[in-house]
Amino acid sequence: MRALFTTIPAFGHFSPLVPLAAAMQDAGHEVAVATAESFGGSVSRAGLEFIPAGVDMAEAMSTLRDLHPEYATLSPEELSRRVVPDFFVGVYAPAFLADASRLLSWRPDVVVREEGEFAGPAVAALANVPCVDHGWGGPRRPRELVDAAARALEPVFKSVGLDPLPSGGAYQWLYLEPCPPSLQPADADEVPGARPIRPCSPPSRSAQGTPEWLDRLGDRVVYITLGTVPFFTADIEFFRAAIAAARDEAAEVVVTVGPAGDPSVLDPQPENVHVERYLPQAEVLPHCAVVVSNGGSGSTLGALSAGVPLMIIPSSSPSQLRNARAVAATGIGRTLDRADVTVDRLGAELHALLHDSSYRVAAERVAAEIATMPPPEEVVGLIESLTEPAGQ
């Protein structure tokens, strides 16, 4: 089988598709990952074939500003409502389909796309092959956002000679769901083809190895991260407030400002505060008492897989907002609006998380739930079955 994975560089240096792509390659299938140039190094380091397609985030953001200059003045609620049709569909999907001939020439037998990459269903339809959806890891996108994306996709599909697909092509074949069931809201849409897949942490990408102090960390660490996407990690004032709130509450504070960030802008710091560009999450989380993040699915599911409570301060990203609400609703963490962040307010929230054991108990309960979900290598057979002739 030839499996084409399609993803966008909204994850900075990692995509949730990579563990599954690697598992399919280990199972003997030919695998390629189509994404923007900025993501190519991450794909190649994972030992996977890279096919350039679409645009990098910087170019996508520039295009968005040109098309919608009003974005600079929109409220967080309006941004949350419009970002999927305007940005993920309106900017990324046409750019991805501009490279459709290159993708089709690879002759895939199946397309596997992550849920923020909306051109994959069109590529699969043009190739006349199945399309598998892979979730980001948070609660499912509400029906109104699915419908808004489908409407925005209609002219995109027509531009390559396709009739619009129901729900924009989502959920037509198989939907791989990394979100643990307890985080799904009661009113989440039913998806008949949904099957669980265990979320996996990204592999280490540190060329210089890890700092020597990492091995000496205790178990009362507050880890502060905004992921690896420069759009989020550029919020230096957030880092300053979070460090000031955490350094008196925790034995040690670990901060990652992203591969494009500069740790020196946060100097000077006391000895119990460690600031780095990037650290392997899996090596930090065993020491953590709390993770402070913007609610990205990588940091959220990484913390929960390790049984660590969360303090989420989301941006206007719809998926981050859904993650924040789910974490608060299930008692595995707390959330705070970005506009409400002060050192005193965040310090009080962290104090509650560090001194109320119920958050740790709830997080460990979700960790046990995640551990029962099938890992990527056990999900390969579901994709194989989509390409088998009828009757086999």
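With a relative accessibility of just 7%, Glu115 counts as buried in this predicted model. Its salt-bridge partner is Arg141, and the closest N and O atoms of the two are 3.3 Å apart. This pair ties together distant parts of the chain: Glu115 sits in the loop between S4 and helix H6 (120–127), while Arg141, 26 residues away, belongs to the loop between S5 and helix H7 (143–158). Arg141 counts as buried too, at 8% relative accessibility.

That is one of 14 salt bridges in the structure. Side chains of opposite charge can pair up like this when their charged atoms come close. Glu78 and Arg81 do it at 2.3 Å, N to O, and both lie in helix H4 (residues 76–97), three residues apart, or about one turn of the helix. Here Glu78 is partly exposed, with a relative accessible area of 25%. Glu212 and Arg216 make another salt bridge, with 2.1 Å between the closest N and O atoms, and these two residues are both exposed. Glu70, Arg82 and Asp86, meanwhile, are joined in a network of salt bridges.

Now for the sheet. Seven strands form an open sheet with parallel pairing, in the order S3-S2-S1-S4-S5-S6-S7. Strands S3 (49–52) and S7 (194–196) are at the edges with a single partner each, so one side of each has no neighbour in the sheet. From one strand to the next, the twist averages 25 degrees. S7 runs parallel to strand S6 (residues 174–177) and is joined to S6 by three bridges; in one pairing, Tyr175 has Ala194 of S7 as its bridge partner. Helix H15 (residues 376–386) packs on the sheet, touching S4, S5, S6 and S7, and its direction makes about 170 degrees with that of S6.

Methods. Residues numbered from 1 in each chain as written. Predicted model: local features only at pLDDT ≥ 70, side-chain atom pairs only at ≥ 80, totals over all residues. Heavy atoms only, no water. Pairing = 2+ DSSP bridges. Helix = DSSP H or I, 4+ residues; strand = E, 2+ residues; numbered from the N terminus. Axes fitted to C-alpha atoms, helices over the stretch in contact; angles between N-to-C directions. Contact = heavy atoms within 4.5 Å. Salt bridge = Lys/Arg side-chain N within 4 Å of Asp/Glu carboxyl O. Buried < 20%, exposed > 50% of the residue type's maximum accessible area, 1.4 Å probe, protein only.
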